[in-house]
Amino acid sequence: MFLRETAYNIALPVSLTLIFRKSLNQSVLPEEWKCVNITPIYKKGLRSEAENYRPISLTSAVCKVLETIVKIQMTTYLDSEGIITNHQHGFVTGRSCLTNLLYVFEDWTSNLDEGYGVDLIYLDYKKAFDTVPHKRLVNKLEHLGFT
């Protein structure tokens with residue numbers, strides 16, 4: 001509704017730039033940008049059990065634009081400094097779980113072709129991103145040069 005009501009004024013690139021710059025300079029997001037509508041999306045199993053749904057957060061479109069700008073700047077910096085290695089596949093443009101699988105499959109088949117054995121250990125990271133210690137993440141970001 002806010003975007004609809006202010007479309008004429010906010011459509012000017014300068015308007016959003018000023019809002020984004022102020023937000024970044026003060027390290028504060030407007031409270032409205034933090035409000036989300038959570039929609040449950042069915043995954044599998046019995047529909048009557050809550051754990052068979054995953055929450056989808058519908059957030060502010062303006063905040064998503066700012067997130068995209070910040071992500072591009074961060075990944076550009078990490079790439080230019082050589083912090084992201086060729087072994088990193090998650091959250092990297094042009095790489096995914098599939099490209100990771102293809103690389104590791106190539107290693108396995110090369111080892112098998114050369115007569116070596118291959119031992120595998122499968123890990124389930126299903127909840128790993130739900131349990132990231134925020135203080136440790138902030139410290140790591142600061143160590144990499146992000147304030």
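Visitor: Why is Leu 102 called exposed?
Guide: The relative accessibility of Leu 102 is 53%, and the word exposed is kept for values over 50%, with buried meaning under 20% and partly exposed what lies in between (1.4 Å probe, protein chains only), so Leu 102 counts as exposed. Its place is in helix α5, where a helix is a DSSP run of H or I with at least four residues, a strand is a run of E with at least two, and both are numbered from the N terminus.

Visitor: How should I read these numbers?
Guide: This is a predicted model, in which local features need pLDDT of at least 70 and side-chain atom pairs count only at pLDDT 80 or more, while totals for chains, interfaces and linings use all residues. Residues are numbered from 1 along each chain as its sequence is written, and side-chain values use heavy atoms, leaving out hydrogens and water.

Visitor: What makes His 89 buried?
Guide: The relative accessible area of His 89 is 6%, which falls under the limit for buried, so the word applies. His 89 sits in the loop between α4 and α5, and, leaving aside its neighbours within four places in sequence, His 89 is in contact (heavy atoms within 4.5 Å) with Arg 95, Ser 96, Thr 99, Asn 100 and Tyr 103.

Visitor: How do you know that the side chains of His 89 and Thr 99 make a polar contact?
Guide: Their distance is 2.7 Å, and a polar contact is a pair of N or O atoms within 3.5 Å, where within protein one must be able to donate a hydrogen and the other to accept it, and residues adjacent in sequence count only if both atoms are side-chain atoms, so this pair qualifies. The side chain of His 89 also has a polar atom 3.3 Å from the backbone nitrogen of Asn 100.

Visitor: Why is Asn 52 called buried, and which backbone oxygens does its side chain reach?
Guide: Asn 52 has a relative accessible area of 12%, which is under the limit for buried, so the name fits. Asn 52 is placed in the loop between β1 and β2, and its side chain reaches the backbone oxygen of Leu 46 at 2.8 Å and that of Lys 44 at 3.4 Å.

Visitor: What makes Ser 80 exposed?
Guide: Ser 80, found in helix α4, has 54% relative accessibility, and this is over the limit for exposed, so Ser 80 counts as exposed. The side chain of Ser 80 nonetheless reaches the backbone oxygen of Tyr 77 at 2.9 Å.

Visitor: Which residues make up the largest nonpolar core, and what makes it a core?
Guide: The members are Phe 20, Trp 33, Val 62, Cys 63 and Leu 66, and helix α4 (residues 61-80) supplies the largest share, 3 residues. A nonpolar core is a set of buried Ala, Val, Leu, Ile, Met, Phe, Trp, Tyr and Cys residues joined through side-chain atoms within 4.5 Å, so these 5 residues form one. Among the contacts of Phe 20, leaving aside its neighbours within four places in sequence, are Trp 33, Val 62 and Leu 66.

Visitor: Why is helix α6 described as hardly covered?
Guide: Among the 10 residues of α6 (residues 134-143), the count of buried residues is 0, so no residue of this helix falls under the limit for buried. Helix α6 is followed by Gly 145, whose phi is positive, near 105°.
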